[in-house]
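Thanks for coming. I will put the sequence and the structure up and then talk through them.

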Amino acid sequence: MLTEVKPVDMAEEERLDFAPLDEALDEYEGNPGAAIPALQKAQEIYGYLPAEVLQHIGHRLNVPLSEIYGVATFYSQFYLTRRGRHTVRVCDGTACHVRGAPKIITALERDLDVVAGETTPDYRVTLEIVYCLGSCGLSPVAVIDEQVVGRLVPEKALEIVRGLE
Ligand code: FES
């Protein structure tokens, strides 16, 4: 049975608190086949998978670190670097591209002072490019956190993203 886990507040200088992870890993103790659920749990807690966490999971599941690392890097759902509090995914698939996605991406990159794929230094926003969100009729489209925003223009994108806490 899955237990509810609370995300840990990850101030940059804060040392990792393994207590919530240990609690979540109890059910996977010594089970080498549980790498994926263990990593999912850890990511739920910390927001990403720092090296110490991978090491800790390997130890608890009795799996070599190289294997844990292999799983964490194979699946795109896992993040090895710290993410922003908000995720902005701008679509640059064909329909969105021809309707102006590159201008939106450039405007956001300039405003946030990052290159797509990066996170702002204050961990406010992670900017990503995706290729077709299945909403081509609304192009150009972005997903800001969980919200789909269609018929986007650079000014609107900047306004929304600047308003994110
Ligand atoms: S190309 Fe952007 S939603 Fe399909």
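R162 is exposed, since its relative accessibility is 53% and exposed begins over 50%. This is a predicted model, so please hear every value as computed from it. The partner of R162 is D111, and their side chains form a salt bridge with N and O 2.7 Å apart. R162 sits in helix α7 and D111 in helix α6, so the bridge ties together parts 51 residues apart in sequence. D111 comes out as partly exposed, because its relative accessibility is 33%.

By the rule used here, the salt bridges number 6. The general idea is familiar: side chains of opposite charge can pair when their charged atoms come close. Let me take two further cases.

The pair of R60 and D22 is one, with 2.7 Å between the closest N and O atoms. Here helix α3, residues 51-61, holds R60 and helix α1, residues 19-25, holds D22, so the bridge ties together parts 38 residues apart in sequence. R60 counts as buried because its relative accessibility is 10%. D22, at a relative accessible area of 25%, is partly exposed. Salt bridges with shared partners also join D22, R60, D26 and E29 into one network.

The other case is E128 with R83, where the closest N and O atoms are again listed at 2.7 Å. E128 belongs to strand β2, R83 to the loop between α4 and β1, and the two are 45 residues apart. Are these two residues buried or exposed? Both E128 and R83 are buried.

Back to helix α7, residues 154-162. Which of its residues are buried? They are P154, A157, L158 and V161. These four span an arc of only 100° around the axis, so they lie on the same side of α7. The general reason for such spacing is that an α-helix has 3.6 residues a turn, so residues three or four places apart point the same way. On the face of α7 turned away from the buried side are the exposed residues E155 and E159. The cover over the buried residues of α7 includes α6 (101-112) and the strands β1 (86-91), β2 (125-130) and β3 (142-144).

That brings in the strands. Of the 6 residues of β1, 5 are buried, so this strand is largely enclosed by the rest of the structure. β1 pairs with β2 in the parallel sense over 6 bridges, and T87 stands opposite T126 in β2. With β3, β1 runs antiparallel, and 3 bridges join them. R89 has V143 of β3 as its bridge partner.

A word on cysteines. How many disulfides does the rule find? The count is 0. C91 is buried, because its relative accessibility is 2%, and C96 is buried too, because its value is 3%.

Next, the nonpolar cores. As a general matter, in soluble globular proteins nonpolar side chains tend to be buried together. The largest nonpolar core in this model has 20 residues, and L21, L39, L49, I57 and L61 are those with the most contacts inside it. The elements giving two or more residues to this core are α1, α2 (35-46), α3 and α4. α2 gives the most, with 6 residues. For one residue in detail, take L39: leaving aside neighbours within four places in sequence, L39 is in contact with L49, L54, I57, I68, V71, A72 and F78. Apart from this core lies another, of 18 residues, including I104, I105, A107 and V125.

Last, a loop residue. Where is N62 found? N62 is in the loop between α3 and α4. N62 counts as exposed, because its relative accessibility is 62%. Beyond its neighbours within four places in sequence, N62 is in contact with G30 and P32. From N62 to A116 the separation is 54 residues in sequence and 37 Å in space, C-alpha to C-alpha.

To recap the points I would keep: the salt bridge between D111 and R162 ties helix α6 to helix α7. The buried residues of α7 are covered by elements that include β1, β2 and β3. The largest nonpolar core takes the most from α2, and another core of 18 residues lies apart from it. I will take questions now.

Methods:
Residues numbered from 1 in each chain as written. Predicted model: local features only at pLDDT ≥ 70, side-chain atom pairs only at ≥ 80, totals over all residues. Heavy atoms only, no water. Buried < 20%, exposed > 50% of the residue type's maximum accessible area, 1.4 Å probe, protein only. Arc of directions from axis to C-beta. Contact = heavy atoms within 4.5 Å. Salt bridge = Lys/Arg side-chain N within 4 Å of Asp/Glu carboxyl O. Disulfide = S-S within 2.5 Å. Core = buried A, V, L, I, M, F, W, Y, C linked by side-chain atoms within 4.5 Å. Pairing = 2+ DSSP bridges.
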